[in-house]
4 protein chains.
Amino acid sequence: MKEINRIGVFTSGGDAPGMNAAIRSVVRTALYENKKVTGIYHGYQGMIDAEFTDMTSHAVSSIINRGGTILKSARCLDFKTKEGRAKAYANIKREGIDALVAIGGDGTFTGAQILSQEYDIPVMCIPGTIDNDLYGSDYTLGYDTANNTVIEAIDKIRDTAASHNRVFFVEVMGRDSGCIALQAGVGGGAEAILLPEKETAIAELIELLEQAEVRNKSSMIVIIAEGDKNGGVYNVAKHVQEKFDHFDIKVSILGHLQRGGSPSSFDRVLATRMGYTAVRELLKGNSGATVGIRGIDMITTPLEQALNNREFKLNEELLEIAKVMSF
Amino acid sequence: MKEINRIGVFTSGGDAPGMNAAIRSVVRTALYENKKVTGIYHGYQGMIDAEFTDMTSHAVSSIINRGGTILKSARCLDFKTKEGRAKAYANIKREGIDALVAIGGDGTFTGAQILSQEYDIPVMCIPGTIDNDLYGSDYTLGYDTANNTVIEAIDKIRDTAASHNRVFFVEVMGRDSGCIALQAGVGGGAEAILLPEKETAIAELIELLEQAEVRNKSSMIVIIAEGDKNGGVYNVAKHVQEKFDHFDIKVSILGHLQRGGSPSSFDRVLATRMGYTAVRELLKGNSGATVGIRGIDMITTPLEQALNNREFKLNEELLEIAKVMSF
Amino acid sequence: MKEINRIGVFTSGGDAPGMNAAIRSVVRTALYENKKVTGIYHGYQGMIDAEFTDMTSHAVSSIINRGGTILKSARCLDFKTKEGRAKAYANIKREGIDALVAIGGDGTFTGAQILSQEYDIPVMCIPGTIDNDLYGSDYTLGYDTANNTVIEAIDKIRDTAASHNRVFFVEVMGRDSGCIALQAGVGGGAEAILLPEKETAIAELIELLEQAEVRNKSSMIVIIAEGDKNGGVYNVAKHVQEKFDHFDIKVSILGHLQRGGSPSSFDRVLATRMGYTAVRELLKGNSGATVGIRGIDMITTPLEQALNNREFKLNEELLEIAKVMSF
Amino acid sequence: MKEINRIGVFTSGGDAPGMNAAIRSVVRTALYENKKVTGIYHGYQGMIDAEFTDMTSHAVSSIINRGGTILKSARCLDFKTKEGRAKAYANIKREGIDALVAIGGDGTFTGAQILSQEYDIPVMCIPGTIDNDLYGSDYTLGYDTANNTVIEAIDKIRDTAASHNRVFFVEVMGRDSGCIALQAGVGGGAEAILLPEKETAIAELIELLEQAEVRNKSSMIVIIAEGDKNGGVYNVAKHVQEKFDHFDIKVSILGHLQRGGSPSSFDRVLATRMGYTAVRELLKGNSGATVGIRGIDMITTPLEQALNNREFKLNEELLEIAKVMSF
């Protein structure tokens with residue numbers, strides 16, 4: 001095993017709360033171990049463009065509580081080409097970077113895996129995405145914060161909901177994953193939750209709402225993941241409105257505010273542990289893997305395994321509980 | 001002047017944060033003055049349906065910090081008829097109510113004025129609406145809280161905005177009033193603000209964004225009031241997207257969450273002062289007026305004057321400042 | 001196994017955010033299973049005084065987001081006597097309660113265990129305390145919320161800290177458990193953390209702060225659990241002040257605000273799952289156990305085991321990480 | 001009037017939320033008017049030490065929502081000497097600064113007045129302090145944010161208060177000013193409020209609490225400003241405990257967290273308007289004055305007048321209202 005003297009760290013793909021806390025942890029752990037750290041801006045694009053900066057302990061002070069990522073992020077098409085990766089590696093080499101910590105989602109993992117295989121450079125990944133849709137960790141970075149953001153929005157809607165005959169539709173993030181919709185739906189006390197993973201016919205939704213009305217609920221909140229298969233929140237709302245003409249239908253589309261915000265305590269500590277573990281694993285000789293949390297323990301999973309598996313984190317039991325709670 | 005022994009209090013129209021704090025203040029002030037209080041549910045509809053409840057000091061404890069209104073609210077068509085009002089007055093009479101405090105917007109004020117004129121019952125109004133569009137007060141109840149809700153959303157979007165070439169559109173409440181859009185746009189540091197009171201052609205917006213891009217802004221936030229005259233946020237976004245094809249356009253529609261939430265310190269104290277003043281004015285013989293704040297002082301304005309005037313609260317200077325700040 | 005027709009639910013000991021969400025879940029799960037539910041006010045004291053109320057689905061609507069406990073809580077000396085428990089059981093019997101769900105800490109668990117043994121009544125416990133000091137669950141109810149409350153306070157202090165040569169001491173809850181201090185210290189980026197489980201001599205703290213000063217930190221935050229063995233926050237502050245006379249020492253004592261607040265997404269979903277599991281386990285014939293979470297799964301642990309064991313949740317690694325991060 | 005080409009801006013004294021928003025506004029307004037801006041670090045100390053930085057529009061982006069001050073603050077003894085001020089002025093001169101905007105409290109105002117008189121340099125002040133104790137503005141910068149911080153703390157305490165016989169003491173900032181205590185006491189629904197401006201004998205407080213107990217309040221919250229004349233919160237608590245031995249007394253000392261936090265919408269817009277006005281007034285030839293808000297309008301007040309007057313912002317009526325509300 002080649003000695004590691006300088007570690008490169010970057011964020012890639014969609015940003016998530018906690019990424020800054022992870023960067024800080026990578027930097028401080030490496031410095032503590034007498035290693036140097038280079039921050040790479042704009043993810044893989046920044047490797048190709050050699051956007052590098054030397055990271056000091058000061059550079060990461062007062063960022064643990066910041067949303068977004070100080071290293072910026074970007075999607076990068078060039079990196080998908082052999083030429084792009086060659087250029088990236090040449091830059092890394094010239095900068096003296098011996099190992100990488102990549103923070104992001106499955107696109108980030110894929111890039112890291114290819115690079116580490118083609119050029120034999122040690123890489124550890126940290127799962128950072130609000131969608132909680134990566135294999136190898138009970139929770140991804142940013143998921144907890146996003147859930148808190150969504151339930152605060154639902155709480156506010158609930159305040160105003162109580163007085164009128166109204167159905168509120170709240171669209172939340174999740175193109176392929178209903179994790180936020182389910183977690184925030186249960187946490188927000190929603191009457192119905194529509195997920196990409198589970199088809200709910202509009203007829204079924206209407207029946208559910210009719211039953212809720214019979215049970216004397218004067219207002220109802222429906223959480224709908226953006227990846228729901230019923231043609232989008234406005235289409236669902238339109239169909240429900242036709243049957244519920246005595247109800248006022250209101251729509252909120254939370255959008256990108258779910259990606260921002262100061263990370264929760266959970267995400268900050270998770271990010272800190274993940275950054276620490278990623279560096280320690282690199283220094284122990286581990287590579288081509290992602291860190292994760294199982295229970296209260298840090299684990300690592302080979303990238304190949306992480307990328308080829310899917311865990312159904314939509315706890316089936318929670319689906320059942322959601323139904324029971326709206327009873 | 002007839003002696004007042006029992007005061008009726010109700011909320012009407014769209015709800016707003018601080019209404020509960022105002023109810024609490026009306027109740028406690030009246031009890032302190034050895035008067036009795038009846039809570040009327042569902043606004044004018046509850047008068048017609050005789051939905052009354054006796055209000056004790058305990059009934060209003062721990063509500064100062066709650067969004068919504070414990071007395072519920074409703075819109076009421078029947079009250080616009082002479083028969084409806086006759087029925088309402090008969091119920092009020094039977095309940096022993098000698099005077100009313102009405103909390104709501106201009107619809108509420110109109111109803112209160114007609115009733116007080118037709119039946120000679122003393123009425124004081126409290127301006128409760130997040131839109132800040134009523135004459136007779138520098139601030140309406142709920143406006144400050146709504147502004148805080150919107151800037152928190154903008155802050156979160158800003159977190160995630162920094163890394164990508166993106167234009168974010170955030171639709172905020174305000175069908176006829178751009179107060180929230182302007183205040184939250186300035187407070188959130190938006191690059192552009194579209195208001196119902198001021199036509200901004202889409203071409204003008206695009207020019208503004210192009211200038212911002214030239215000044216090297218990698219992300220931009222546009223606040224758009226729901227009453228903007230350009231055909232809705234999606235239409236504006238579509239037109240901007242056509243010119244900004246190298247940018248990613250994202251839309252958030254905050255919707256009714258702006259109506260909810262625990263009231264801010266400002267709104268709680270304003271509500272408390274308004275409730276106190278409304279009751280004291282009734283007991284001093286005042287009627288047919290709304291309370292309000294001017295500077296740090298409580299004032300009253302005759303309903304006729306309040307309903308027939310409009311103050312342009314869109315501080316012209318603030319429009320100029322918004323432009324300067326996005327420079 | 002005797003059939004269960006009516007379940008009694010109560011909260012006892014210090015309250016914690018999420019207790020209301022747990023009550024709601026117990027009630028709705030039981031009703032869904034066609035059982036009846038009695039709410040018992042003021043914990044064991046309310047059993048002795050027969051303070052009972054029938055719980056409908058409506059009684060628990062809109063409480064999922066409320067701090068505190070709608071069933072109140074109390075400490076109860078009488079229940080420690082045989083006579084007290086006899087009276088409690090007689091009341092339970094008369095009310096037709098066949099099984100109990102107890103929400104609280106180890107005092108609550110002990111009471112539940114004794115009662116279930118003396119009178120053969122099925123009991124399931126839910127660990128509700130912000131201290132996270134119970135065996136049988138990775139997390140107790142309220143712990144996550146308390147951590148978020150504390151880091152928000154630290155974030156605010158950090159804002160004002162940056163400009164002056166200052167040491168800030170923040171006392172957090174935890175008489176016997178340093179969980180909050182450690183988690184919030186890491187999440188808040190504290191320079192030093194003092195815990196009840198681990199003696200840190202004041203001399204050691206001063207050395208730590210001197211090193212931080214050498215590394216050019218112009219402000220430092222020290223988190224100190226109330227159970228720290230150095231004579232209290234003011235005593236520690238005084239000793240540090242003597243050595244750091246060029247620094248301004250400031251003290252915050254967060255106190256009971258750590259117990260309140262709207263529960264986090266994590267605590268709401270945990271509470272909902274725990275309430276659901278407690279009722280389902282009772283109906284399956286389980287008794288004398290506590291529910292808990294391990295990883296993402298619900299588990300149960302016999303009360304005897306839960307009361308006689310201690311898990312050192314102060315992840316040793318996290319102690320090490322705290323040190324590395326303040327480097 | 002000499003032409004102004006470069007404006008210096010600094011923050012001084014205790015920091016307050018909104019200072020960054022004011023700095024941003026000063027910078028952007030000046031740049032918009034084709035002027036240059038120098039940021040002066042650490043207030044008057046930085047003038048003496050020539051800690052200057054050129055301010056671009058980018059330098060102030062994304063700071064509108066940050067607590068603290070990016071220009072840091074400090075107290076400065078040297079500036080009280082003629083030599084100190086001579087050195088400061090020489091540095092200012094060399095930097096090419098033609099005018100100053102000073103953000104801070106009365107110490108800041110005094111320094112600005114002396115400098116502008118001794119050296120004939122135009123100065124405008126912005127009142128930045130959470131204490132709201134300056135003449136010339138209905139509200140000082142940071143006051144609204146601090147009030148929101150305090151009521152959020154009180155709300156959390158209220159959550160946990162409901163179940164036990166408890167008296168909670170919450171110490172808030174205000175050595176000479178009871179503004180925060182009164183505003184947050186009314187907004188938080190406190191049972192009693194102790195202010196520096198108004199002596200409340202402990203005997204009187206105890207009587208008040210006894211009356212509250214008679215009215216069946218099971219928990220009570222007392223807000224006490226740090227400047228209260230009864231020997232500090234612990235002393236008051238001790239005396240109350242002696243009489244209320246059946247109550248559990250709990251103390252929270254909020255401390256410096258009241259100074260931090262992201263500024264509220266109100267403070268951000270106020271800061272933006274004040275910064276804009278300060279620059280515009282300088283450019284119009286105004287000097288030796290402070291900006292302020294009266295009602296919804298910006299005003300200016302000569303420093304001499306501002307420093308020699310006091311407005312009793314403790315709205316007398318609000319004191320009465322506080323009493324009525326706790327009834």
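This is a chat about how the chains and domains of a predicted model fit together.

Colleague: Before we start, is this predicted or from an experiment?
Modeller: Predicted, so keep that in mind for everything below.

Colleague: OK. Which rotation superposes chain A on chain C?
Modeller: A turn of 180°, with 0.0 Å of shift along the axis, and the RMSD comes out at 0.0 Å. That is how a two-fold axis relates two copies.

Colleague: Which residue of chain A comes closest to that axis?
Modeller: A:Gly295, with its C-alpha at 1.7 Å from the rotation axis.

Colleague: And how many residues are in contact there?
Modeller: 49 residues of chain A touch 49 residues of chain C. The interface residues of chain A are 100% shared with chain C, so the copies meet through the same surface.

Colleague: How much area do chain A and chain C bury?
Modeller: About 4300 Å² between them, with 57% of it on carbon and sulfur atoms. On the chain A side, A:Tyr32, A:Tyr276 and A:Met325 lose the most area to chain C, and together they make up 15% of what that side buries.

Colleague: What about charges, how many salt bridges between chain A and chain C?
Modeller: Four salt bridges. One that I can name joins the side chains of A:Glu317 and C:Arg273, at 3.7 Å from N to O. There are also ten residue pairs in polar contact between chain A and chain C, both partners being at pLDDT 80 or more.

Colleague: Which helices of chain A supply at least two residues to that side?
Modeller: Helix H1 (19-32), helix H5 (143-161), helix H6 (179-188), helix H9 (265-284) and helix H11 (316-325) of chain A. By residue type, the side of chain A that touches chain C splits into 17 nonpolar, 19 polar and 13 charged.

Colleague: Let's switch to chain C and chain D. What superposes those two?
Modeller: Again a rotation, of 180° with 0.0 Å of shift along its axis, and the RMSD is 0.0 Å. In chain C, the residue that comes closest to this axis is C:Ile253, at 2.4 Å (C-alpha). The same surface serves both copies here too, with 100% of the contact residues of chain C recurring in chain D.

Colleague: How many residues does each chain put into that contact?
Modeller: Chain C gives 34 residues and chain D gives 34 residues. They bury about 2600 Å² between them, and carbon and sulfur atoms carry 53% of it.

Colleague: Which three residues of chain C supply more of that area than any other three?
Modeller: C:Lys156, C:His256 and C:Leu257, which supply 23% of the area that chain C buries against chain D.

Colleague: And how many salt bridges between chain C and chain D?
Modeller: Zero. The interface does have seven residue pairs in polar contact, both at pLDDT 80 or more.

Colleague: Which elements of chain C give two or more residues to the side touching chain D?
Modeller: Helix H5 (143-161), strand E6 (166-172) and strand E9 (248-253) of chain C. H5(C) gives the most, with seven residues. Sorted by type, the side of chain C that touches chain D has ten nonpolar, 15 polar and nine charged residues.

Colleague: Now inside one chain. What domains does chain A have?
Modeller: The domain assignment gives domain 1 (6-142 + 263-308) and domain 2 (144-259). Their centres, taken over C-alpha atoms, are 35 Å apart. In the contact, domain 1 of chain A uses 13 residues and domain 2 of chain A uses eleven residues.

Colleague: How much area is buried between domain 1 and domain 2 of chain A?
Modeller: About 940 Å², of which carbon and sulfur atoms give 53%.

Colleague: Which residues form a salt bridge there?
Modeller: The count between domain 1 and domain 2 of chain A is one salt bridge. A:Asp15 pairs with A:Arg259, and their closest N and O atoms are 4.0 Å apart.

Colleague: And how many polar contacts across that domain interface?
Modeller: Seven residue pairs, both at pLDDT 80 or more. The side of domain 1 of chain A that touches domain 2 of chain A is made up of five nonpolar, four polar and four charged residues.

Note on methods:
Residues are numbered from 1 along each chain as its sequence is written. Chains are lettered from A and ligands numbered from 1 in the order in which they are written. This is a predicted model: local features need pLDDT of at least 70, side-chain atom pairs count only at pLDDT 80 or more; totals for chains, interfaces and linings use all residues. Side-chain values use heavy atoms; hydrogens and water are left out. Copies are superposed by least squares on the C-alpha atoms of residues with pLDDT of at least 70 in both. Contact means heavy atoms within 4.5 Å. Buried area is the accessible area (1.4 Å probe) that two parts lose on being put together, summed over both. A polar contact is a pair of N or O atoms within 3.5 Å; within protein, one must be able to donate a hydrogen and the other to accept it, and residues adjacent in sequence count only if both atoms are side-chain atoms. Helices (H or I, at least four residues) and strands (E, at least two) are DSSP runs, numbered from the N terminus. Ala, Val, Leu, Ile, Met, Phe, Trp, Tyr, Cys and Pro count as nonpolar, Asp, Glu, Lys and Arg as charged, and the others, Gly among them, as polar. Domain bounds come from an automatic or database domain assignment.
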